[in-house]
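I opened the model to look up its pockets and one bent helix. My notes follow.

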Amino acid sequence: MDFHPTEEQAAAAGLAARIFADLATHERLAEAGTGSDAELWKALTTAGLTAAIEEIGLLGLVLLLEEQGRTTAQVPYAATCVYGILPVSAHGSPEQRARLLPALGTGEAVATGAFPAHGRITSEGGRLTGTVPAVPWLRDATHVLVPDADRALWLLRTDAPGVRTSPVETTAPWAAGRLTLTGAEGERIGSEGAYEDTLAAARTAFAGLQAGVCAGSLARAVEYTSIREQFGRPLSTNQGVMLRAADAYMDTEAIRVTTYEAAWRIDQGLAAHEHALTAAWWASEAGKRVVHAGQHLHGGMGADLDHPVHRHFLWGRHLDAYLGCGSELLAELGASIAASPAFASTAEGEQA
């Protein structure tokens with residue numbers, strides 16, 4: 001395994017860091033409310049950071065999403081890449097790739113996904129019916145990727161007949177919406193295995209976003225406790241504060257390294273189902289601990305809903321359960337390991 005970024009990945013991450021730092025300020029985020037920042041989205045797409053995903057792969061996307069997470073920038077970047085560019089590039093037909101990828105790359109089209117599949121959507125002859133209560137970035141999306149009850153993937157335009165969207169507020173300000181389909185016509189993306197591949201990539205990508213959220217929360221806590229004094233000395237000199245921050249750092253690094261491994265394996269075409277689940281589990285369980293620590297280390301200021309660290313808390317808690325909470329992911333991981341041939345061979349050997 002080699003997690004060192006390529007020259008292209010490093011350049012893209014550096015550019016993204018500068019754009020997010022310049023435009024995703026606390027003041028602009030407060031002004032945006034629960035919606036997305038159109039100017040920031042335009043800056044990202046104009047810089048080529050959406051189209052670049054075809055070249056820099058999932059590991060490159062993870063590096064960019066870390067930068068988004070550090071600032072909690074409100075743009076449909078992860079959703080468009082994970083539910084648009086990656087599945088169309090990997091599973092779309094030549095005609096679909098030629099038609100959809102240029103628009104997704106320039107930001108003219110915005111994608112999101114009604115993931116994971118919970119059997120809410122049924123399909124009959126390519127016409128989809130059902131309701132998904134909350135889909136992130138749906139209010140911005142021109143296309144939505146929908147898995148049906150049989151885990152087939154369908155791409156629909158949000159303005160198509162039979163597709164209805166309505167605003168929904170979630171804990172994170174992700175311009176979410178309720179998706180209602182009544183015989184809506186979709187186009188099939190890929191075949192068997194496309195859903196599983198897309199879900200693994202999504203879990204990995206959003207784990208990378210969580211790593212950035214945690215890093216941003218911890219950075220704010222370190223800065224605050226280094227400045228805030230109590231009994232004549234900075235809070236950061238207290239052993240309890242240092243230990244809490246150290247635990248948060250280790251948790252953040254655990255999210256990062258498991259995410260890098262899953263992304264690298266997916267990019268290399270290696271089996272990565274269990275690795276994506278592992279990264280998602282760390283993002284859920286450790287991510288929850290880190291954003292709580294970030295808020296607690298701010299003391300009374302952490303309870304201020306208008307304080308920047310509270311935004312990290314909301315994002316972290318939303319990402320904690322977005323594609324499966326820790327207990328669900330662990331159960332799925334255990335079932336996957338138990339069903340593997342290697343586990344069966346080991347179990348047979350022990351019985352013998």
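I began with the largest pocket, whose volume is about 400 Å³. I took a pocket as an open set of points on a 1 Å grid over the protein atoms alone, where a 1.4 Å probe fits, with protein on both sides within 12 Å along at least five of seven lines; lining residues have an atom within 4 Å of a point. Of its 22 lining residues, Ala90, His91, Asp197, Ala201 and Ile266 are the closest to the centre. The elements giving two or more residues to this lining are α4, α5 (77–91), α7 (194–227) and α8 (239–267). The largest share, 7 residues, is from α5.

The model is predicted: local features need pLDDT of at least 70, side-chain atom pairs count only at pLDDT 80 or more, and totals for chains, interfaces and linings use all residues. Residues are numbered from 1 along each chain as its sequence is written, and side-chain values use heavy atoms, without hydrogens and water.

Next I looked up α4 (residues 53–71; helices are DSSP runs of H or I, at least four residues, numbered from the N terminus). Its 19 residues put the end C-alpha atoms only 20 Å apart, short of the 27 Å of a straight helix at 1.5 Å a residue. I found a kink of about 75° centred on leucine 59 (the angle between axes fitted to the seven residues ending there and the seven starting there). In α4, 16 of the 19 residues are buried (under 20% relative accessible area, 1.4 Å probe, protein chains only), so the helix is largely enclosed by the rest of the structure. Threonine 72 follows α4 and has a positive phi, near 50°.

Methods: The expected span of a helix is 1.5 Å times one less than its number of residues. Buried means under 20% relative accessible area, exposed over 50%, partly exposed in between (1.4 Å probe, protein chains only). Grid points are joined across faces, edges and corners, and a volume is the space filled by probe spheres set on the points.
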